[in-house]
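Me: I've just opened this one and could use a hand finding my way around. Can we go through it bit by bit?

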Amino acid sequence: MDDDLQLARAAAEAALATEGVYSLGTGRYAEAATYGPGEKVTGVVVGSDEVRVHIVVRYPPPEPIPALAERVRERAASIVGGRATTVVVEDLEVVQDENL
């Protein structure tokens, strides 16, 4: 279980470090999180053979959303040790342009 939390933390950090990711998502109908003793990592679900990373994309995104999701998937997949990796784009967050 502790390994799952470490994987979830690492995948969350990788996703948040990707340009265009505003935040991690919380899940739509059920909470998207990995649980451990006294801790949970929201936005990443680590299963025995799959990892799901839930993201909220900054709008306007720096690239098409499918390409952004693929970059997040690649970053997370390189960390999670061969588990299938899925990225769920939950929402968009409109960010005001400081130049306006």
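Me: In which sense do strand 4 and strand 5 pair?
Reply: Keep in mind that this is a predicted model. Strand 4 covers residues 44-46, and 3 bridges link it to strand 5. Val-45, for instance, stands opposite Arg-52 in strand 5. The two strands form a hairpin with 3 residues between them, and their pairing is antiparallel.

Me: And over in strand 5, which residue is the bridge partner of Val-21?
Reply: Strand 1 (residues 21-24) is joined to strand 5 (residues 50-59) by 3 bridges, and those two run antiparallel. For Val-21, the bridge partner in strand 5 is Val-57.

Me: What about strand 5 and strand 6: do they run parallel or antiparallel?
Reply: There are 10 bridges joining strand 5 to strand 6, which spans residues 84-94. One spot to look at is Val-51, which stands opposite Thr-85 in strand 6. These two strands run parallel.

Me: How does the chain cross from strand 5 to strand 6, and what is the hand of that crossover?
Reply: Follow the chain out of strand 5 and you go through helix 2, residues 65-77, before reaching strand 6. That makes a β-α-β crossover, and its hand is right-handed.

Me: Why does Leu-92 count as partly exposed?
Reply: Leu-92 is in strand 6, and it belongs to a nonpolar surface patch with Tyr-59, Val-89 and Val-94, about 340 Å² of accessible area together. Strand 6 gives the most to that patch, 3 residues. Partly exposed means between 20% and 50% relative accessible area. Leu-92 therefore counts as partly exposed because its relative accessibility is 35%.

Notes: Residues numbered from 1 in each chain as written. Predicted model: local features only at pLDDT ≥ 70, side-chain atom pairs only at ≥ 80, totals over all residues. Heavy atoms only, no water. Pairing = 2+ DSSP bridges. Helix = DSSP H or I, 4+ residues; strand = E, 2+ residues; numbered from the N terminus. Right-handed = clockwise from strand over helix to strand, strands pointing away. Patch = residues over 30% accessible without salt bridge, like charges linked within 9 Å, V, L, I, M, F, W, Y side chains within 5 Å. Areas by Shrake-Rupley, 256 points an atom, 1.4 Å probe, with all protein chains shown as cover. Salt bridge = Lys/Arg side-chain N within 4 Å of Asp/Glu carboxyl O. Buried < 20%, exposed > 50% of the residue type's maximum accessible area, 1.4 Å probe, protein only.
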